Amino acid sequence: MRETMRAWVVNRPAPADQGPLALVERPVPEPGPGEVRIRVLACGVCRTDLHLAEGDLPPRHPQVVPGHEVVGLVDARGPNARRFETGERVGIAWLRHTCGACRFCRSGRENLCLAPRFTGWDADGGYAEYAVVPEAFAYRLPSGFDEEHLAPLLCAGIIGYRALRRAEMPPGGRLGVYGFGASAHLAAQVARYEGATVHVMTRSRDARRQALALDMDSAQSATDPPPEPLDAALLFAPAGMLVPRALRALDRGGTLVIAGIYLTDIPVLRYEQDLFYERALRSVTANTRRDGEEFLALAARIPLRVTTTPFAFTRADAALRDLAGGRINGAGVLLMSA
Ligand SMILES: [Zn+2]
Ligand SMILES: [Zn+2]
């Protein structure tokens, strides 16, 4: 058994092009009671990792290993861990602990738990050769996808799915999607599969082309209005300036859902223009395990086409730079084998 492993840590939060991450040698973590250790095969590069590395999200402890879209093989089981067999392929996602006792946990809303812990923020994540997780928060993964295409499902996919559910789309409704990156391109396919008309608004010409290739109904620039009023809209771009535009694109009674964990400031809203006629503005905070299980089952049934840009594990810093610069098509994924 190896004693040390390679891991990327957030060394000093700074803009991505100043190299906030460092590649270090760390002891291989031991799984505690109820935990499993996985040998990492792939880890998705999420925008939250970038916000953490750049300091938009304050670090919860120094030198944390980022990464919360982790696919790997169970390699060791801690005391009383029996849910998975050694060698089984499992996923680790953002939510890794909830208290189980607060009013939110007891009412099926564990995503709002008062004492949660998150992978790659409170505890070390998957930018490493090994990672541990409480087995109750790991996911069984569907067949039909390799690790590169599974990884983005674990945060980008699940959060996009929760955002879509929060939008409470009417059957056959009209959905607007602002931004068309990792999360958006998956949520948009779920919406299409369920019968929605989907209009995509994004500044990237490549992303507009990709949206049309994935059968979306229209694609235009981020600041252009959609071709028809919307029953709901999902905002994935972390740009608060798009909130009033997206609200004005809604039909009466429509809902705008902000899907990101981070958003630049929202400009002043005008009540009559932006909110009246029962237009609603909602946020999304993490997800429940049930969201994750529902989404992974649906991903296999559709089946989702997951667009990825692979990076060798040793190029995690380059992956964050490319994400910051808008140069990643679909979802960036670190691959151990590359
Ligand atoms: Zn709780
Ligand atoms: Zn994420």
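# Notebook: salt bridges, zinc sites and surface

I began with the charged pairs and found that Arg2, Arg6 and Glu129 are linked in a network of salt bridges. I note at the outset that the model is predicted. The structure as a whole holds 18 salt bridges, and I looked up several of them individually.

**Entry 1. Arg2 and Glu129.** The side chains of these two residues, Arg2 and Glu129, meet in a salt bridge with an N to O distance of 3.1 Å. I then checked where the partners sit: Arg2 belongs to the segment before β1, and Glu129 to the loop between β7 (117-118) and β8 (130-134). The pair links distant parts of the chain, 127 residues apart. Is Glu129 buried or exposed? Glu129 counts as buried, because its relative accessibility is 11% and the limit for that class is under 20%. Arg2, at 41% relative accessibility, counts as partly exposed.

**Entry 2. Asp291 and Arg162.** I recorded a salt bridge between the side chains of Asp291 and Arg162, at 2.7 Å from N to O. Asp291 is in helix α8 (residues 289-301) and Arg162 is in helix α3, so I list this as a contact between distant parts of the chain, 129 residues apart. Both partners fall in the buried class: Asp291 has 9% relative accessibility, and Arg162 has 15%.

**Entry 3. Glu168 and Arg282.** The third pair I examined is Glu168 with Arg282, whose side chains meet in a salt bridge at 3.5 Å, N to O. Glu168 lies in the loop between α3 and β10 (174-178) and Arg282 in strand β15, so the pair ties together parts that are 114 residues apart in sequence. For Glu168 I noted 59% relative accessibility, which counts as exposed. Arg282, at 25%, counts as partly exposed.

**Entry 4. Zinc ion (ligand 1).** I turned next to the metals. Which residues coordinate the zinc ion (ligand 1)? The donors are the SG atoms of Cys99, Cys102, Cys105 and Cys113, at 2.3 to 2.4 Å. Along the chain, the donors of this zinc ion (ligand 1) follow the spacing C-x2-C-x2-C-x7-C. I also looked up the geometry: the angles among the 4 donor atoms of the zinc ion (ligand 1) run from 102 to 119 degrees, and the site is tetrahedral. That assignment follows because tetrahedral requires all angles to lie between 85 and 135 degrees. Of the donor residues, I checked the accessibility of Cys105 and Cys113. Cys105 counts as buried at 16% relative accessibility, and Cys113 counts as buried at 6%.

**Entry 5. Zinc ion (ligand 2).** For the zinc ion (ligand 2), I found the protein donors to be Cys46 (SG), His68 (NE2) and Cys155 (SG), which lie 2.0 to 2.2 Å from the ion. Their spacing along the chain is C-x21-H-x86-C. Cys46 and Cys155 link distant parts of the chain, 109 residues apart: Cys46 is in the loop between β3 (35-45) and α1 (47-54), while Cys155 is in the loop between α2 (147-150) and α3 (156-166). I noted that Cys46 and Cys155 are buried.

**Entry 6. Strand β1.** How many of the 7 residues of strand β1 are buried? In β1 (residues 4-10), 5 of the 7 residues are buried, so the strand is largely enclosed by the rest of the structure. I followed its pairing and found that β1 and strand β2 (residues 21-27) run in the antiparallel sense, paired over 7 bridges. Within this pairing, Val10 stands opposite Leu21 in β2.

**Entry 7. Surface patch.** I looked for nonpolar side chains on the surface and recorded a patch formed by Tyr271, Phe276 and Tyr277, with about 340 Å² of accessible area together. Tyr277 is in the loop between α7 (271-275) and β15 (280-283). The relative accessible area of Tyr277 is 40%, so I entered Tyr277 as partly exposed.

**Entry 8. Arg77.** Finally, I located Arg77 in strand β4 (residues 70-77). Arg77 is partly exposed, with a relative accessible area of 38%. I also took one separation from the coordinates: the C-alpha atoms of Arg77 and Gln210 are 41 Å apart, and the two residues are 133 residues apart along the chain.

Terms used:
Residues numbered from 1 in each chain as written. Chains lettered and ligands numbered in written order. Predicted model: local features only at pLDDT ≥ 70, side-chain atom pairs only at ≥ 80, totals over all residues. Heavy atoms only, no water. Patch = residues over 30% accessible without salt bridge, like charges linked within 9 Å, V, L, I, M, F, W, Y side chains within 5 Å. Areas by Shrake-Rupley, 256 points an atom, 1.4 Å probe, with all protein chains shown as cover. Salt bridge = Lys/Arg side-chain N within 4 Å of Asp/Glu carboxyl O. Helix = DSSP H or I, 4+ residues; strand = E, 2+ residues; numbered from the N terminus. Buried < 20%, exposed > 50% of the residue type's maximum accessible area, 1.4 Å probe, protein only. Donors = N, O, S within 2.8 Å, 3.2 Å for Na, K, Ca; no water. Tetrahedral: all angles 85-135°; square planar, octahedral: opposite > 155°, others 65-115°. Pairing = 2+ DSSP bridges.
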